[in-house]
Amino acid sequence: MSSFKPPFQGRPSTFTVYTDEKNAHADKPFPKLQYCVRCCVPQTQEGVVFDELGVCQACQSAEQKIHIDWAERERDLRATLEAAKAQAGNNYDCIIPISGGKDSTFQLHVLTKIYGMKPLAVTFSHNWYSETGWYNLQNSLEQFNVDHIMFTPNRSLVNRIAKHSLAGIGDSCWHCHAGVGAFPLQAAVRFNIPLLVWGESIAESSGRASYKNPVRKFDREYFTKVSAKLRPDQMVRDDLSERDLYPFNVPSAEECERVGVYGIHLGDYIFWDDERQTEFVRDVYGWRETQIEGSYKRYKSAECIMPGVHDYANYLKRGYGRATFHSSVDVRAGLLSRDEAWQLIRDNDGVRPEGLDYYLKITGMTEEEFHATMEGHRRPELKNVVIPIYPKSSPNEEKLVPHPQQLIEKVQAETAVPQAPADDKAGP
Ligand SMILES: [Zn+2]
């Protein structure tokens, strides 16, 4: 590790690069922050609520999950789906937004194999597909024989938005947050399909709902509020017009009302277990895992090359990354002790992601500019606190360049006419 050279000289002084792993001890990463007394969620997580004993809402949800009458919930689900089928006629029974991730593969299994639904699969492509993710998406379409529509914003647009996203919302992924929220709704309105079926319950991943109080009311602007933060008109810049951003608008309230758009999360009706579902889709449908930066798990956001940059940005502004989230889930499930969790957090959250190289390339930013921008997003609880950054110990398993670009490069290299030596070019 001693040969590691910090790639970002001149970074803000409160980001410190640590290279001596031996002296590191794993405990709460930032002693000044309040953490949930059961898991590892810090007070800087957006929307987190601790009860009077200091237990976070996700931990309370995990406890509720065990006591819920899932058989009754399943009957509710069946009734909802049967009603949608009866209403659909020859149209599709529902829309299923899919990425090719393990959740969407499991959703396709539940809807088509268990409930006999005829869904229209809809994908907003962030245009950052990993090779594994592209395989998983295509494989799921073949496995389940579903009709599919994909919207893909152009490369130049993605690159320009990615640049402004960092300053605008403090992470690299506005176009994905906004597109994932908008495109399935646009499809619902255009194809006149009222029901949208998502996967994991909101209770599982954030403090915005619990299993006892699920978000049942449909909110067309949910993704704007939760992840995109800014509306398309608020993302307009010199090199980003309102016309460029048109595809990221959600349909109007009137349009949604006309079609009667509503959505459900399967995780509010059937017991959700990431680990077992991953094993299931892997063993039964050939779904593939891959290395995911910033995480010790190999399945979340496997479809994208950028989760490492997204989560690293979160770490720089809020002091926690994907490993905190995952290990908190595992602590709740009894798979990890809290001490083991702190170690995994220590080993993963603060590691500089290799995907940052691609992000800097497409945005033209320097690493200093990246860190300076993130400094501006830092939560007040972490002001003047040293946020340690560690080098990544070995190259990523997969090349972190979008799959289409890798494919084009590969095919062109195979079929390229050999270049004449420079000297010959000067001839008549
Ligand atoms: Zn907790």
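This passage describes the overall make-up of a predicted model, its nonpolar cores and the surroundings of Y320. Residues are numbered from 1 along each chain as its sequence is written. Local features are taken at pLDDT of at least 70 and side-chain atom pairs at pLDDT 80 or more, whereas totals for chains, interfaces and linings use all residues.

The chain holds 17 helices and 7 strands, which are DSSP runs numbered from the N terminus (helices: H or I, at least four residues; strands: E, at least two). Of its 428 residues, 43% count as buried, that is, with 20 or more other C-beta atoms, placed from the backbone, within 10 Å of their own.

The largest nonpolar core, a set of buried Ala, Val, Leu, Ile, Met, Phe, Trp, Tyr and Cys residues joined through C-beta atoms within 7 Å, has 62 residues, of which C94, I95, I96, A188, L196 and V197 touch the most other members. Helix α6 (residues 174-191) gives the largest share of this core, 9 residues. Because domain 1 (15-64 + 301-409) and domain 2 (68-274) both contribute residues, this core lies between them; the domain bounds come from an automatic or database assignment. Apart from this core lies another, of 16 residues, including C56, A58, A323 and L336.

Y320 is found in the loop between α11 (307-318) and α12 (322-332), and counts as buried because 24 C-beta neighbours lie inside 10 Å. Beyond its neighbours within four places in sequence, Y320 is in contact (C-beta atoms, placed from the backbone, within 7 Å) with P42, T44, Q45, N314, Y315 and D349. Y320 and T44 are 276 residues apart in sequence, yet 8.2 Å apart in space, C-alpha to C-alpha.

Notes:
Buried ≥ 20, exposed ≤ 12 C-beta atoms within 10 Å, placed from the backbone. Contact = placed C-beta atoms within 7 Å.
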